[in-house]
Amino acid sequence: MTASLFYTSELTGATVQQLVSLDTATSGHAVRSQRLGAGDKVLISDGLGTLAQGVMEDANPLHATIRIQAVAVAPRHEKQVNLVQALAKGERDLLAAEMATEVGIDSVTPWQARRSIVRLRPERAQKTLAKWEAKLKASAQQARRAFIPTLAEPIIAEEIATLHSPQNGNYVIVLHEDGEANLGDVVDSLPGVKTLHLVVGPEGGVSPEELNAVLAAGGSAVKIGSHVMRASTAGPVAVALVNQLCNRW
């Protein structure tokens, strides 16, 4: 079984045989919740690409320490994938972000679409985004990822079209039940890709105004499969397909 993974910023630039510490919350989780003790093998990461194998040296639930045995720095994918996830009820938006993290997303952009029932209220925005960040980190940890996906600033309605800037290598692809293009064909036709922005609408779907804004900017609309997927399903499925198409797996 794969060893448990824990995140610590102390791992950045660390070398073999170096001793690194876990913060109080992470130490408590490792020692009290996972029952890890001195001598147990673990994985540690800084969430920025560095991944190390180590052994728990001091199983202190307030200040655990790990001795590094091997360390490597993973390169970022040449083609980044960003999930633009519409806010959805029942936390289906968060579920999509979590699943996409496990599959291998690089970043997530919360999107308050025209048809989103859930709204990002200014007085609760900071708390809501903190919850998203915590979910991304927890999912990345569960998946033993060296990178924690970045949470981008939220966007509203037709602002999704501003993400499309081919001159900078940014392309927007809307997942839409009426899309006529094939995802593979679209991805293969895009030159100099740096970031693919996969847009997933809310329960009511992407509005005509939002879709037309993306198409007018030069973006694409694609349909995945023969069935209509939920807001929590379409994104992770699309990420998996793009990973395969772009040899990211």
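**Note on the predicted model**

1. Start with helix H1. The cover over its buried residues includes strand E1 (5–7) and strand E4 (50–58). This is a predicted model. H1 spans residues 24–33, and its buried residues are Thr26, Ser27, Gly28, Ala30 and Val31.

2. Look next at the two ends of H1. At the N-terminal end, aspartate 23 acts as a cap. One of its side-chain oxygens lies 3.4 Å from the backbone nitrogen of alanine 25. After the helix comes arginine 35, with a positive phi near 60 degrees.

3. Now the open sheet. Its five strands stand in the order E1-E3-E4-E5-E2, and the pairing is mixed. E1 and strand E2 (19–21) are the edge strands, each pairing on one side only. From one strand to the next, the twist averages 45 degrees.

4. E1 has a part in two of these points. It belongs to the cover over the buried residues of H1, and it is an edge strand of the sheet. Its neighbour is strand E3 (residues 41–45): the two run parallel and are joined by three bridges. Within that pairing, phenylalanine 6 has isoleucine 44 in E3 as its bridge partner.

5. Turn to strand E7 (residues 107–112). How many of its residues are buried? Six of six, and the strand is mostly covered. In a regular strand, side chains alternate between the two faces of the sheet. In E7 both faces are covered. Ser107, Thr109 and Trp111 lie on one side. Val108, Pro110 and Gln112 lie on the other.

6. Which strands pair with E7? Strand E6 (residues 80–86) does, in the parallel sense, over five bridges. There, glutamine 85 stands opposite proline 110. The chain passes from E6 through helix H2 (residues 92–103) to E7, a right-handed β-α-β crossover. Strand E8 (residues 150–151) also runs parallel to E7, joined to it by two bridges. Serine 107 stands opposite threonine 150 in E8. Strand E9 (residues 155–156) pairs with E7 in the parallel sense, again over two bridges. Here glutamine 112 has isoleucine 156 as its bridge partner.

7. E7 also opens onto another crossover. Together with H3 and E8, it makes a right-handed β-α-β unit. Glutamine 142 sits in this helix, H3 (residues 125–142). Is glutamine 142 buried or exposed? Its relative accessibility is 56%, so it counts as exposed. Its C-alpha atom is 8.0 Å from that of serine 4, although the two residues are 138 apart along the chain.

8. Two further residues deserve a check of the backbone. Glutamate 91 has a positive phi, near 55 degrees, and is not a glycine. It lies in the loop between E6 and H2. Its relative accessible area is 37%, so it is partly exposed. Asparagine 247 also has a positive phi, about 55 degrees, without being a glycine. It is found in the segment after helix H6 (234–245). With a relative accessible area of 68%, asparagine 247 is exposed.

Conventions
Residues numbered from 1 in each chain as written. Predicted model: local features only at pLDDT ≥ 70, side-chain atom pairs only at ≥ 80, totals over all residues. Heavy atoms only, no water. Helix = DSSP H or I, 4+ residues; strand = E, 2+ residues; numbered from the N terminus. Buried < 20%, exposed > 50% of the residue type's maximum accessible area, 1.4 Å probe, protein only. Contact = heavy atoms within 4.5 Å. Polar contact = N/O pair within 3.5 Å; in protein donor to acceptor, adjacent residues only side chain to side chain. Pairing = 2+ DSSP bridges. Axes fitted to C-alpha atoms, helices over the stretch in contact; angles between N-to-C directions. Right-handed = clockwise from strand over helix to strand, strands pointing away.
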